[in-house]
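Hi,

Here is the structure I said I would pass on. Have a look at it first, and then read my notes underneath.

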2 protein chains.
Amino acid sequence: MPLKPNLRIPGPTPVPPDILKAMARPMVNHRGKPFAEIVRRVAERLKDFFLTKEDVLLLTASGTGGLEAAVVNTLSPGQKVLSVSIGAFGDRFAAIAEKYGADITMLQYEWGQAAQPEDVRKALEHDAEISAVMVTHNETSTGVTNPLEEIAKVVREFDKLLLVDAISSLGAIPLDMDDWGLDCVVTGSQKGWMVPPGLAFAALSERGWKAYEESTMPRFYFDLGRARDSQAKGQTPWTPAVSIFFALDVALEKMGQEGLESILARHARIGKIVRDGVTALGLDLLCRDERYASNTVTAIKSPDGVDVSELRRVLEDEHDVVIAGGQAKLSGRIFRIGHLGLADEEDIQDALDALAAALPKLGFTNAAAR
Amino acid sequence: MPLKPNLRIPGPTPVPPDILKAMARPMVNHRGKPFAEIVRRVAERLKDFFLTKEDVLLLTASGTGGLEAAVVNTLSPGQKVLSVSIGAFGDRFAAIAEKYGADITMLQYEWGQAAQPEDVRKALEHDAEISAVMVTHNETSTGVTNPLEEIAKVVREFDKLLLVDAISSLGAIPLDMDDWGLDCVVTGSQKGWMVPPGLAFAALSERGWKAYEESTMPRFYFDLGRARDSQAKGQTPWTPAVSIFFALDVALEKMGQEGLESILARHARIGKIVRDGVTALGLDLLCRDERYASNTVTAIKSPDGVDVSELRRVLEDEHDVVIAGGQAKLSGRIFRIGHLGLADEEDIQDALDALAAALPKLGFTNAAAR
């Protein structure tokens, strides 16, 4: 049976009971040996999910703090950067870099579409001064996964720095940091990791660390060099969210038991079930191209006449299923179902059943008839 | 009986069982109404401890992130700032401002001493271009509390901006934000609040918000204006550490029941017990002036021949009492006992008894004889 409420938003994702229990452990000295063992263990295990030999650094912050870390540790004011955006989080990544003075060229797409590697190629050919590319792997606001491996190939060909927002993809959708040549990869604890929000994880490639040395943006709290030096001693530069480390330690043990391949396969399987299920109900997906459909979050167009907030209310009040609405310009126009981290067939079927029961009450009477 | 281990470090401080239990609550939609109620309630209750009518903003970060927020939301590159430092955390506050391009004049004291209002006056008289003052209320690295009210009077007289690191003082040592005219006050969840680390709280005065409008330092994650706008809707700009909000909600309820006056009196009482206790053991306090002795953390000089790390090991292994060592240049020269947040006479007596039992084993045979 799905946990109730069945939290089907794209983060915070549901947290299994044993991981929640770890959240309630008493405090410890964050500079002591037992905690150092946890820091070392989680940092080491995260490498198996980033698929990197580089250090994975843990920051006490939301995912957005992780994105800020990516920016301020690798870029410099005035630097020309190509920002590939297919939605709200792509725009946010660009906005952070712009705040810190980067000279941004936007490569924007209609929300619901994926970025095309050939467009990245054209942009880099068009302006040789662009020295870094920022891209969202999985766009949580639209339910679209970018063809990151192919985009990375183009960026590597041009030998530019590649910063990746992998917040809602890593540990759920295939990403191979070292093999694909990604220079900075960032994710957050409340997504695929089945852990409460409050930690961001970031890794830099060798090129990324070279960029770190040359970068002149101001940084202190998010200084990844300090994080690296502290983690080498099993510590963090500033007092960390120790409870979330406890939780992550349990979560990574569980994820290790399931195995990355199985986890990725499960997400692919349930992503497909969601898309097939909502389509069978007569609903339209925002992402029309199955090749780019996200296996962690699905955005569904609100049928004419159906009020999204009312739909969400009925689902929550009558079915104990919590879904998300649309963000920014998609507010009121779509709703979103999260299926990352703790999510299996039953959880998803429960959400789909609730949707099937709720829609007719909202005036969408011909559901499943098309 | 004290909780075991008796965690006597100046943060993370021990967390009561009911607050730990709140940490284990299932995830919720951080944009939903039930969570909005919690955001509103904790933000409102925090005002009673800051003693302010201003918004208290909650950031998912360590205390150091809160200090960075104080800097980047009120200062500008090139701005002349007086940084009053009496220890490691005063130095850190200055280092953050310097990283972001502030033009820092340091007013430094020997570690163990308190800042003097007259020195602040002289520094402001000496350079009329200084437009802001940064000061640590309670210096965790030395166990010294600055005479903040008197320092604030001088700063108000000169009409400069006053940024206060109140991380290890607020909710434990008297601080009256509005009455004293403090322009930015920052604290952290793992100190007096009896909550795990991961949240920082910050408030700006009307002058502080005016400085915010004029400040040109780059900010995004720590943008207090965004935090204010989101909190007005019962939200946070980025996904917050929801578990720590749950814990804080319980903690503030408990603190409200005890009452601020009682809490402050308890800290004053146990601070005195610690100082009297260690002095009776023949040990010397780093802070020689009782007027400035911290009621949240006590720094004790390591007696000749006593190895601090060995003392800490014996206390932990044989007595289940965890204390802190010295930081930076005081490493190996002092040890520190934390007594903030969850701390009462019994907890402190347990720690003092352990110290009395451990010291002779470390070669300090004439304890209590002086």
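Below is what I found in it, from the whole assembly down to single residues. Keep in mind that this is a predicted model.

**How the two chains sit together**

Chain A goes onto chain B with a turn of 180 degrees and a shift of 0.0 Å along the axis, and the RMSD of that fit is 0.0 Å. That is how a two-fold axis relates two copies. As for the contact between them, 44 residues come from chain A and 44 residues from chain B. On the chain A side, the helices that each supply at least two residues are α1 (17-23), α3 (63-72), α4 (88-99) and α10 (242-258). Of the elements on that side, α3(A) gives the most, with four residues. The copies meet through the same surface, because 100% of the interface residues of chain A are interface residues in chain B as well.

**Domains in chain A**

The domain assignment splits chain A into domain 1, which is 6-13 + 259-361, and domain 2, which is 17-256. So you can place them in your viewer: the C-alpha centres of these two domains of chain A are 25 Å apart. Their contact takes 27 residues from domain 1 of chain A and 27 residues from domain 2 of chain A. On the domain 1 side, α11 (260-280) and β11 (297-301) of chain A are the elements that give two or more residues. The element that gives the most there is α11(A), with four residues.

**A four-stranded sheet in chain B**

Over in chain B there is an open sheet of four strands with mixed pairing, in the order β1-β12-β13-β11. Its edge strands are β1 (6-8) and β11 (297-301) of chain B, each of which pairs on one side only. On average, neighbouring strands in this sheet are turned by 30 degrees against each other, if you ignore direction.

β1(B) pairs with β12 (residues 321-325) of chain B in the parallel sense, over three bridges. One detail of that pairing is that R8(B) has I323(B) in β12(B) as its bridge partner. Two helices pack on the sheet, α12 (residues 308-319) of chain B being one of them: this helix touches β12 and β13 (334-338) of chain B, and its direction makes about 165 degrees with that of β12(B). Helix α13 (residues 345-358) of chain B also packs on the sheet, touching β1, β12 and β13 of chain B, with a direction about 85 degrees from that of β1(B).

**A covered strand in chain A**

Back in chain A, have a look at β8 (residues 161-165), where five of the five residues are buried. What covers which face? On one side L161(A), L163(A) and D165(A) are buried, and on the other side L162(A) and V164(A) are buried. As for its neighbours, β8(A) runs parallel to β5 (residues 132-136) of chain A, joined to that strand by five bridges. β8(A) also pairs with β9 (residues 184-188) of chain A in the parallel sense, over three bridges. D165(A) takes part in both pairings: T136(A) stands opposite D165(A), and D165(A) stands opposite V186(A) in β9(A).

**The nonpolar core**

The largest nonpolar core has 270 residues, and A202(A) and A202(B) touch the most other members. Leaving out neighbours within four places in sequence, A202(A) is in contact with L57(A), L59(A), G66(A), A69(A), A70(A), C184(A), V186(A) and L224(A). V186(A), one of those contacts, is the residue across from D165(A) in the strand pairing above.

**Two more residues to click on**

L46(B) lies in helix α2 (residues 33-50) of chain B. This residue has 23 C-beta neighbours inside 10 Å, so L46(B) counts as buried. Beyond four places in sequence, its contacts are V56(B), F201(B) and L252(B). G101(B) is 55 residues from L46(B) along the chain, and their C-alpha atoms are separated by 31 Å.

R156(A) is in helix α6 (residues 148-157) of chain A. R156(A) counts as partly exposed because there are 15 C-beta neighbours inside 10 Å. From R156(A) to D183(A) is 27 residues in sequence and 10.0 Å in space, C-alpha to C-alpha.

Cheers

Definitions and conventions
Residues numbered from 1 in each chain as written. Chains lettered and ligands numbered in written order. Predicted model: local features only at pLDDT ≥ 70, side-chain atom pairs only at ≥ 80, totals over all residues. Least-squares fit on C-alpha atoms with pLDDT ≥ 70 in both. Contact = placed C-beta atoms within 7 Å. Pairing = 2+ DSSP bridges. Axes fitted to C-alpha atoms, helices over the stretch in contact; angles between N-to-C directions. Core = buried A, V, L, I, M, F, W, Y, C linked by C-beta atoms within 7 Å. Buried ≥ 20, exposed ≤ 12 C-beta atoms within 10 Å, placed from the backbone. Domains from an automatic or database assignment.
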